[in-house]
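The following exercises are to be worked with the sequence and the structure in view. Each task is followed by a solution in steps.

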Amino acid sequence: MRHFTSITQLPDLKAALEEAKYVKQNPFADQELGKNKTLLMVFFNNSLRTRLSTQKAALNLGMNVIVLDVNQGAWKLETERGVIMDGDKSEHLLEAIPVMGSYCDVIGVRSFAQFASKEDDYNEVIINQFIKYSGKPVFSMEAATRHPLQTFADLITIEEYKTKEKPKVVLTWAPHPKALPQAVPNSFAEGLLMTDYEFVIANPEGYDLAPEFTKGATITHNQDEALRGADFVYAKNWSAYEGDNYGKVLNQDRNWTITSEKMALTDNAFFMHCLPVRRNMIVSDDVIESPQSLVIPEAANRVVSAQTILKEILKSL
Ligand code: AN0
Ligand code: CP
């Protein structure tokens, strides 16, 4: 595997989950693999988990790591070709990318949806330029439409905690004051549809995700109905995808917040969220603090996820 921008690029999910188990038990077994190899992590957006867990994963593999926060100290980058650069942007991505590529062996990129153009976001124009012009393997640390390292960590976590062969997993929208990308739920849906678990997506009307990510899932606008008998509740906010409402917050309906009353509808489900999470918007204090909450082990598995993927990429060098 050279590039990694979608969980669907894993040649064999079951084998990847086995490999993740091995990596978790033997975190320092492959120190030679990354020796004298440099990972560059490029952030166009904020991060806590992705930044730390990916760096830790690379260090476990013996790599050197450099990090660039594009919006803090780098030149402001123009991303569109053909623009007369007489504004506030000092450098073009078309020079910056090959320069960055010349300093490293592998590049991780975080480039969220910008909501200026649905077409540009869904064509992944930023990360695809890194793939095209850097000359190096590129992996997503959440791009405009997917967050595959998160999805892989989520699948690893479900695998660890499931008590039934085919658990019922519910992805539910929950309220949030600001417009968030669809990357996490798109990617989660894509990953869940690679398993044989029962998978239900619940969201208010107007918040249906892009069908290319959800085809094959059960989609309902009734959260209570979806939660009945659930083994895992995966909460996430996302902004609207449909039509001209793309990137808009249509409502902040706190009837969709995950509370202990909502969890009582489930089969003693585990609660999951990728974090960062806004308490008492997405989830109540008591649910996130309950023994059924997996948010901390889920975040810890981000190291395992990143290390398993980086290992595959390093093997391809
Ligand atoms: C981002 C999102 O929803 O995509 C990152 C989540 C991992 N969340 C926020 O910006 C709050
Ligand atoms: N879950 C996740 O990707 O968190 P960060 O945005 O903090 O990296």
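**Exercise 1: Polar contacts of ligand 2**

In this predicted model, a polar atom in the side chain of Ser47 lies 2.7 Å from an oxygen atom of ligand 2. Determine which residues surround ligand 2 and how much of its area the protein buries.

*Solution.*

Step 1. The surroundings of ligand 2 consist of Ser47, Leu48, Arg49, Thr50, Arg110, His147, Gln150, Cys274, Leu275 and Arg302. Sorted by class, this shell holds 3 nonpolar, 4 polar and 3 charged residues.

Step 2. Polar contacts are sought with a cut-off of 3.5 Å between N or O atoms. The side chain of Arg49 has an N or O atom 2.8 Å from an oxygen atom of ligand 2. For Gln150, a polar side-chain atom is found 3.0 Å from a nitrogen atom of ligand 2.

Step 3. On its own, ligand 2 exposes 250 Å², and 94% of that is buried by the protein.

**Exercise 2: Ligand 2 and the domains**

Explain why ligand 2 is said to lie between domain 1 and domain 2.

*Solution.*

Step 1. The protein chain is divided into two parts: domain 1 comprises 7–146 + 302–315, and domain 2 comprises 150–298. Taken over C-alpha atoms, the domain centres are 25 Å apart. Domain 1 contributes 26 residues to the contact, and domain 2 contributes 33 residues.

Step 2. The shell around ligand 2 receives residues from both domain 1 and domain 2, and therefore ligand 2 lies between them.

Step 3. As to its site, ligand 2 sits in the second largest pocket.

**Exercise 3: The surroundings of ligand 1**

Describe the shell of ligand 1 by residue and by class, and state how much of the ligand's area is covered.

*Solution.*

Step 1. Around ligand 1 are Phe112, Glu142, His147, Leu180, Pro181, Lys236, Cys274, Leu275 and Pro276. The protein covers 82% of the 330 Å² of accessible area that ligand 1 has when taken alone.

Step 2. The classes in this shell of ligand 1 are 6 nonpolar, 1 polar and 2 charged residues.

Step 3. The side chain of Glu142 places an N or O atom 2.6 Å from an oxygen atom of ligand 1. For Lys236, the distance from a side-chain N or O atom to an oxygen atom of ligand 1 is 2.7 Å.

Step 4. Ligand 1 sits in the second largest pocket.

Technical notes: Residues are numbered from 1 along each chain as its sequence is written. Chains are lettered from A and ligands numbered from 1 in the order in which they are written. This is a predicted model: local features need pLDDT of at least 70, side-chain atom pairs count only at pLDDT 80 or more; totals for chains, interfaces and linings use all residues. Side-chain values use heavy atoms; hydrogens and water are left out. A residue is near a molecule or strand if one of its heavy atoms lies within 4 Å of it. A polar contact is a pair of N or O atoms within 3.5 Å; within protein, one must be able to donate a hydrogen and the other to accept it, and residues adjacent in sequence count only if both atoms are side-chain atoms. Accessible areas come from the Shrake-Rupley method with a 1.4 Å probe; for residues, only the protein chains shown count as cover. On a 1 Å grid over the protein atoms alone, a cavity is a set of points where a 1.4 Å probe fits but cannot get out, and a pocket is an open set with protein on both sides within 12 Å along at least five of seven lines; lining residues have an atom within 4 Å of a point. A molecule sits in a cavity or pocket if more than half of its atoms lie within 2 Å of its grid points. Ala, Val, Leu, Ile, Met, Phe, Trp, Tyr, Cys and Pro count as nonpolar, Asp, Glu, Lys and Arg as charged, and the others, Gly among them, as polar. Domain bounds come from an automatic or database domain assignment. Contact means heavy atoms within 4.5 Å.
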